[in-house]
Amino acid sequence: MPTQITIKNKSYQLPIYVPDATLGVARSLDSLDLVAVGLEGVMVNTYHLIQKPGEAVLQTVGGIKQLMNWPGFVSSDSGGFQLFSLIQKNPQLGKITDEGIVLYTGPKKQRKTLFTPEDSIRMQFAIGSDVMICLDDFTPPTADERRIKESVERTIAWAKRAKTEFMRQLELHQMDDNNRPLLLAPIQGHNHPQLRQQCSQALQEIGFDIYGLGGWPLDDNGKFDYSFCEKNAELTPKDSLRFALGVGTPENMVKLFFMGYQFFDCVLPTRDARHGRLYVFKTDPSQITRTMLEKLAANNQLDEVFGFLYLNKGQLATDNDPISDYCDCPICTTNQKTSQQATSTPQVSRAYLHHLFKIGDSSAHRLASLHNLRTYVRVMELLRQEH
Ligand SMILES: [Zn+2]
């Protein structure tokens, strides 16, 4: 299994987690914050960025990394999933055709705009993305066989068009294998084994750098579907790079890592942080080895290691402890410059963060997000250990 990846001449250890920075910002955090917790990449959204700040601004300033002053890499979602969700919720807003995604805009929805696989790639070059994702036709979880088949055929056809446009853009930007971005294609086909296999096979024939876990990894009862993820991983060769798009909790990521996934992006740590749900280690991570995690994952015992702290609990109002004794994030550790006592008072205590949430101060979101993201990076660091 690959243990590192080189993106535009810079090597990164695998596995790697990237937070969602849809519009070029991981909400309430700046690039310095992201660096402080050890993050090396972010996931932006092509469709949203092209609306704001827009393709022209991005091209003029030199891309999103320049705008954010972000030293890490940027992956970009094609925009397909957001448009799919939009249309799924309200079919008046558009439709999916073989040509691309048609959107009805204007006050009376009379104007049509088309978003094609080629548009998506061209825009990702304007963004200056390092890991680009092909526009795919997301298979809805409720799809019948006819619709699954249609989505697979369209995903393959669009991936072919995206790859052609990608090669054209490489020439245009005079990029070669040393400085080019990577291209990812998501595998679709919902839970239909043959169609998923067919999708994967066709995508491998076209040739991509990374293969994505397309679709919902949830079963009919809304539970995380590990067997779906495992089968998807088996569709590509052992040494291929696999991105578990949109996954997940620390437990999900650990389990999927041992199935062969090396890339994760998820809104959970930042979204949960804004709702006062904090991810904590139940045991000291400096005592946890990768082999231990592998065993715990196999025995479904990862909850012995990963837990939560809910900040709305009343008893936290007077709790001077750090969010987690085992956390080395900027808020859980002592800051000698601001600490009043010689004792190890954390930079931000549970009581203070509880108070900040209670009064609705915006700093609460930033502090909680810093802690949660550091916990996610720490999970990746544990998985990068030698056996
Ligand atoms: Zn912390």
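Start with the whole protein chain in view: for 387 residues, a compact globule would have a radius of gyration near 21 Å, and this chain has 22 Å, which agrees. Keep in mind as you look around that this is a predicted model. Turn the C-alpha trace along its principal axes and you will find that it spans about 65 × 45 × 45 Å. Switch to a cartoon view to see the 13 helices and 15 strands of the chain. Of the 387 residues, 53% count as buried.

**First stop: the zinc ion**

Select the zinc ion together with C327, C329, C332 and H371. The three cysteines bind through their SG atoms and H371 through ND1, at 2.1 to 2.3 Å. What geometry does the site of the zinc ion have? The site is tetrahedral, with angles of 101 to 123 degrees among the 4 donor atoms. Now trace the donors along the chain: their spacing is C-x1-C-x2-C-x38-H. Try a surface view here too, and look for C327 and C329, which are both buried.

**Second stop: a patch on the surface**

Next, select V57, V61 and L67. Together they form a nonpolar patch on the surface, with about 210 Å² of accessible area. L67 sits in helix α3, which covers residues 64-68. Is L67 buried or partly exposed? Its relative accessible area is 45%, so L67 counts as partly exposed.

**Third stop: two residues with positive phi**

From helix α3, move on to N69, in the loop that leads to β5 (73-77). Although N69 is not a glycine, it has a positive phi of about 55 degrees. N69 is exposed, because its relative accessible area of 63% is over the 50% cut-off.

Then select K109, in the loop between β7 (101-105) and β8 (111-115). K109 is not a glycine either, and its phi is positive at about 55 degrees. With a relative accessible area of 38%, K109 is partly exposed.

**Last stop: cis peptide bonds**

Go to L14 and P15, which are joined by a cis peptide bond with omega of about 0 degrees. Where does P15 lie? Look in the loop between β2 (10-13) and β3 (16-19).

Finish at V247 and G248, where there is a cis peptide bond with omega of about 5 degrees. G248 is in the loop that runs between strand β12 (241-244) and helix α9 (250-259).

Conventions: Residues numbered from 1 in each chain as written. Predicted model: local features only at pLDDT ≥ 70, side-chain atom pairs only at ≥ 80, totals over all residues. Heavy atoms only, no water. Donors = N, O, S within 2.8 Å, 3.2 Å for Na, K, Ca; no water. Tetrahedral: all angles 85-135°; square planar, octahedral: opposite > 155°, others 65-115°. Buried < 20%, exposed > 50% of the residue type's maximum accessible area, 1.4 Å probe, protein only. Patch = residues over 30% accessible without salt bridge, like charges linked within 9 Å, V, L, I, M, F, W, Y side chains within 5 Å. Areas by Shrake-Rupley, 256 points an atom, 1.4 Å probe, with all protein chains shown as cover. Salt bridge = Lys/Arg side-chain N within 4 Å of Asp/Glu carboxyl O. Helix = DSSP H or I, 4+ residues; strand = E, 2+ residues; numbered from the N terminus. Rg over C-alpha atoms; globule rule 2.2 N^0.38 Å.
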